Amino acid sequence: MSLKLVIHVPDSTRYKIALKMGVNFFKTKADGEELLARVLVNAQGITVLLELDEEITKLMEEFISLGGEVHFCRNAMKAFNVPEEKVPANCHIVPAGIRALVEWQDNGFRYVRA
């Protein structure tokens, strides 16, 4: 069985919650089950890149080590003047968050808003 989840983060206060949701998603994995999880940081949520602390960074690393992906929206980064250099090396940048959400849902991802 394959489960796909995308967690949308529209503001920075929800980023930590989204990562915890993603970690818990992987920890409920049954034997032989394939899980895919993505966190999409969009809109004002992008400002989280300006305030990453050690706790959030460790949580993000745990989520990624379990197989999760973290994606940041380039359009939001431009709108909120967040330089691309702030994106951690193990994360991704998508051109437009809304387009990514639609494409991922078309590919079987379930949508959750953090």
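Here is a chat about a predicted model, covering its cores, strands, a loop serine and two cysteines.

Biologist: I'm new to this one. Which residues touch the most other members of the largest nonpolar core?
Modeller: Keep in mind that the model is predicted. That core has 30 residues, and the ones touching the most other members are Tyr15, Leu19, Val39, Phe63, Val70 and Phe72.

Biologist: And which helices and strands supply it with at least two residues each?
Modeller: On the strand side, strand 1 (2-9), strand 2 (34-41) and strand 3 (69-73) do. Helix 1 (15-27), helix 2 (54-65) and helix 3 (74-79) do so as well.

Biologist: Where does the largest share come from?
Modeller: From helix 1, with six residues of that core.

Biologist: Let's zoom in on Phe72. What does Phe72 touch?
Modeller: Leaving out residues up to four places away in sequence, the list includes Tyr15, Val41, Ile46, Leu49, Met77 and Pro88. Cys91, His92, Ile93 and Val94 are among the partners of Phe72 too.

Biologist: What about another core, apart from that one?
Modeller: There's one of seven residues, including Val6, Leu40, Trp104 and Phe109.

Biologist: Switching to strands. How many bridges join strand 1 to strand 2, and do they run parallel or antiparallel?
Modeller: Eight bridges, and the two strands run parallel. As an example, Leu5 has Ala37 in strand 2 as its bridge partner.

Biologist: How does the chain cross from strand 1 to strand 2?
Modeller: Through helix 1, making a right-handed β-α-β crossover.

Biologist: And how many bridges join strand 1 to strand 5?
Modeller: Four, with strand 5 being residues 110-113, and this pair runs parallel. Ile7 has Val112 as its bridge partner there.

Biologist: New topic: where does Ser12 lie?
Modeller: In the loop between strand 1 and helix 1.

Biologist: Is Ser12 buried or exposed, and why do you say that?
Modeller: Buried, because its relative accessible area is 17%, and the cut-off for buried is under 20%.

Biologist: What is Ser12 in contact with?
Modeller: Gln44, Gly45, Thr47, Val48 and Glu51, leaving aside neighbours within four places in sequence.

Biologist: Last thing, how many disulfides are there?
Modeller: A search of the whole structure finds zero. For Cys73, the nearest cysteine sulfur belongs to Cys91 and is 14 Å away, whereas a disulfide needs the sulfurs within 2.5 Å.

Biologist: Are those two cysteines buried or exposed?
Modeller: Cys73 is buried, at 2% relative accessible area. Cys91 counts as buried too, at 11%.

Conventions
Residues numbered from 1 in each chain as written. Predicted model: local features only at pLDDT ≥ 70, side-chain atom pairs only at ≥ 80, totals over all residues. Heavy atoms only, no water. Core = buried A, V, L, I, M, F, W, Y, C linked by side-chain atoms within 4.5 Å. Buried < 20%, exposed > 50% of the residue type's maximum accessible area, 1.4 Å probe, protein only. Contact = heavy atoms within 4.5 Å. Pairing = 2+ DSSP bridges. Right-handed = clockwise from strand over helix to strand, strands pointing away.
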